[in-house]
Amino acid sequence: MNQPQELQNKKTILSAVQPSGILTIGNYLGAIRNWNLLQEQYNCYFCVADLHAITVRQVPAELRKRTYEAFAVYMACGLDPEKNTLFVQSHVPCHAELAWVLNCYTMFGELSRMTQFKDKSARHSENINAGLFTYPALMAADILLYGADYVPVGQDQLQHIELARDVANRFNNLYSDTFVIPEGLLPKAGAKVMSLADPTKKMSKSDENPMAYVSILDPKDVIVKKFKRAVTDSGSEVKRGEDKAGINNLITIYSAFTGKSPEEVEKEFEGQGYGAFKLAVGETVADTLAPVQDKFNALMGDKPYLESLMKKGSEQAYRRASKTLSKVYRKVGFAQVK
Ligand code: TRP
């Protein structure tokens, strides 16, 4: 399936989202929507990272449901399973297998320096498990298995990509060229979406306050209400400013959804107060998401179809990944019998 694309010399992309919470408009703007633009130019692998998700405690039934949802969201946002390889991480055993090998080429000191590990272990001090610590080695495996040239991620994941590069180089230098050295691909500036409850913090799908984020799947009335209640600054003009994190965020969101520049947005709402602007943002976001939600609901209503696509995706992924894995097994000296 992927062969023709590789023969066309397309570069390879891999990215993943953890099914650890409902996807937000932050994930939509920062990740999934941009992936749509990549699927034409690149040979793309998009993965639902369920193995990563269990590094923090999950309710099993919810994890399962969210895995289906994340897969359906990918497609509802426009990722075409004919053009890309869409798959669930745990369906392709090579990820866990390569992660083990890479664990043995990743240093304790390197992992100790990971900001996300430090943050997460502070937030989940009752469950600082080994998986949370070695999480970047699994992520490196995700990337290196497919020979990804580029990895579209948010700023917060760049440190993990850097580690993947270091580990890949270390392995290549010890043995011989095995892994492609990947590069992070950041979304265009301005797409960073902040919390609606505290606009100095990133919008997070795991925020305990549901007013802080807008889910891709929130119904229109909920979206409108959340924007109406969004924390804004004192003042009333729809204009960006240094001490106006709230309004800056809403302008960013509105301009990302409409394609208008921040200047155009300011002009459009000149002389109107925060109230009118918030309503416009809420309605625009809801109306843009409506067709995505319709498609999502149709897919979730047809589990057998969704499962058949998961199966096809994982078989396609396996074909590529198993090649890398057997190369690695050979290089480290595992006995291989045919
Ligand atoms: N760690 C990433 C995140 O939390 C998700 C992820 C897992 C990922 N494997 C990946 C991202 C491989 C890019 C490539 O956002």
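The legends below describe close-up views of one predicted model.

Residue numbers start from 1 along each chain as its sequence is written, and side-chain values use heavy atoms, with hydrogens and water left out. As the model is predicted, local features need pLDDT of at least 70 and side-chain atom pairs count only at pLDDT 80 or more, while totals for chains, interfaces and linings use all residues.

**View 1. The shell around the ligand holds 13 residues.** A residue belongs here if one of its heavy atoms lies within 4 Å of the ligand. The closest are Gln18, Tyr135, Met139, Asp142 and Gln157. By class, the shell has 8 nonpolar, 4 polar and 1 charged. Nonpolar covers Ala, Val, Leu, Ile, Met, Phe, Trp, Tyr, Cys and Pro; charged covers Asp, Glu, Lys and Arg; the others, Gly among them, are polar.

**View 2. Side chains of Gln18, Tyr135 and Gln157 meet polar atoms of the ligand.** An N or O atom in the Gln18 side chain is 3.0 Å from a ligand oxygen. For Tyr135, a side-chain N or O atom is 2.6 Å from a ligand nitrogen. A polar side-chain atom of Gln157 sits 3.1 Å from a ligand nitrogen. Taken alone, the ligand exposes 360 Å², and the protein buries 89% of that. These areas come from the Shrake-Rupley method with a 1.4 Å probe. Strand E1 (12–17) and helix H8 (130–145) are the elements that give two or more residues to the shell. H8 gives the most, with 4 residues. Helices (H or I, at least four residues) and strands (E, at least two) are DSSP runs, numbered from the N terminus.

**View 3. Strand E3 (residues 85–88) is buried on both sides.** Thr85 and Phe87 point one way, Leu86 and Val88 the other. Buried means under 20% relative accessible area, exposed over 50%, and partly exposed in between (1.4 Å probe, protein chains only). E3 runs parallel to strand E2 (residues 43–48), joined by 4 bridges. Pairing requires at least two DSSP bridges. Val48 stands opposite Val88.

**View 4. Gln316 contacts Thr85.** Gln316 lies in helix H14 (residues 303–332). At 5% relative accessibility, Gln316 counts as buried. The side chains of Gln316 and Thr85 share a polar contact of 2.8 Å. Such a contact is a pair of N or O atoms within 3.5 Å; within protein, one must be able to donate a hydrogen and the other to accept it, and residues adjacent in sequence count only if both atoms are side-chain atoms.
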